[in-house]
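Here are a few short exercises to try with the viewer open. Have a go at each task before you read its solution.

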Amino acid sequence: MRIHLGTDHAGLEFTKTLATHLTEAGHEVVDHGPTAYEPLDDYPSFCINAAHAVVQDQRAGVQALGVVFGGSGNGEQIAANKVEGVRAALVWNESTAVLARQHNDANVISIGARQHTEDEAIRFVDLFIAEPFSGEERHARRIAQLAEYEQTGTIAGKQVDA
């Protein structure tokens with residue numbers, strides 16, 4: 001599977017460790033930056049680029065997921081979710097890593113690099129990658145509603161006060 005990574009200065013060192021781990025596990029890793037430590041860098045472009053690449057790959061039939069990092073993971077998740085077709089979930093424990101895929105078919109996760117040890121974060125990523133979407137009708141229906149709103153600003157048969 002192709003795994004796209006994006007971060008800021010807070011996750012830079014961990015991203016290198018994660019890239020090595022994922023490569024050794026047989027994944028193709030694409031790092032969208034940054035490439036050097038800059039304490040005042042801005043995460044949005046790195047995370048948006050990683051998220052955009054995930055969507056492009058998936059639309060081209062390539063199995064791909066994304067992982068974005070920052071100090072808390074919050075801003076990085078928000079940035080990734082600005083990309084059409086992305087469902088980015090903030091992951092903070094094993095359960096949220098599994099449920100992000102199983103229930104939400106998330107294609108990107110965000111992890112706070114300052115909130116977890118490297119071992120914990122690697123475990124979350126491994127669980128996320130290994131977990132398939134359940135395909136349950138209720139989850140598929142909800143994901144379809146989100147996609148419909150993203151495309152049209154409405155959800156058929158539902159009250160949306162936009």
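**Exercise 1.** K16 and E13 both sit in helix 1. How many residues apart are they, and how does that compare with a turn of the helix?

Solution. Start with the spacing: K16 and E13 are 3 residues apart, about one turn of the helix. Keep in mind that this is a predicted model. Next, look at the side chains, which meet in a salt bridge at 3.5 Å, N to O. That fits the 4 Å cut-off for a salt bridge. Finally, check exposure. E13 has a relative accessible area of 51%, so E13 counts as exposed, since the label needs over 50%. K16 comes out at 43%, so K16 is partly exposed.

**Exercise 2.** Find strand 1 and strand 2, and work out in which sense they pair.

Solution. Strand 1 covers residues 2-6 and strand 2 covers residues 28-31. The two pair in the parallel sense, over 4 bridges. For a concrete example, take I3: its bridge partner in strand 2 is V29. Now follow the chain from strand 1 through helix 1 (residues 12-24) to strand 2, and you've traced a right-handed β-α-β crossover.

**Exercise 3.** Which residue forms a salt bridge with R123, and how far apart are the closest N and O atoms?

Solution. The partner of R123 is E94, with the closest N and O atoms 3.3 Å apart. Now place both ends: R123 belongs to helix 5 (residues 118-130) and E94 to helix 4 (residues 94-102). With the two positions 29 residues apart, the pair links distant parts of the chain. As for exposure, R123 has 40% relative accessibility and is therefore partly exposed. E94 is partly exposed too, its relative accessible area being 40%.

**Exercise 4.** Are R138 and E136 buried, exposed or partly exposed?

Solution. First, the contact: R138 and E136 form a salt bridge, with the closest N and O atoms 3.2 Å apart. Then the areas. R138 has a relative accessible area of 36%, so R138 is partly exposed. E136 has a relative accessible area of 36% as well, which makes E136 partly exposed. Buried would take a value under 20%.

**Exercise 5.** How many salt bridges does the model have, and which residues are linked with R2 in a network?

Solution. The count comes to 9 salt bridges. For the network, start at R2 and bring in E28 and D57: salt bridges link these three residues.

Technical notes: Residues are numbered from 1 along each chain as its sequence is written. This is a predicted model: local features need pLDDT of at least 70, side-chain atom pairs count only at pLDDT 80 or more; totals for chains, interfaces and linings use all residues. Side-chain values use heavy atoms; hydrogens and water are left out. Two strands pair if DSSP finds at least two bridges between them. A crossover is right-handed if, with the strands pointing away from the viewer, the path from the first strand over the helix to the second runs clockwise. Buried means under 20% relative accessible area, exposed over 50%, partly exposed in between (1.4 Å probe, protein chains only).
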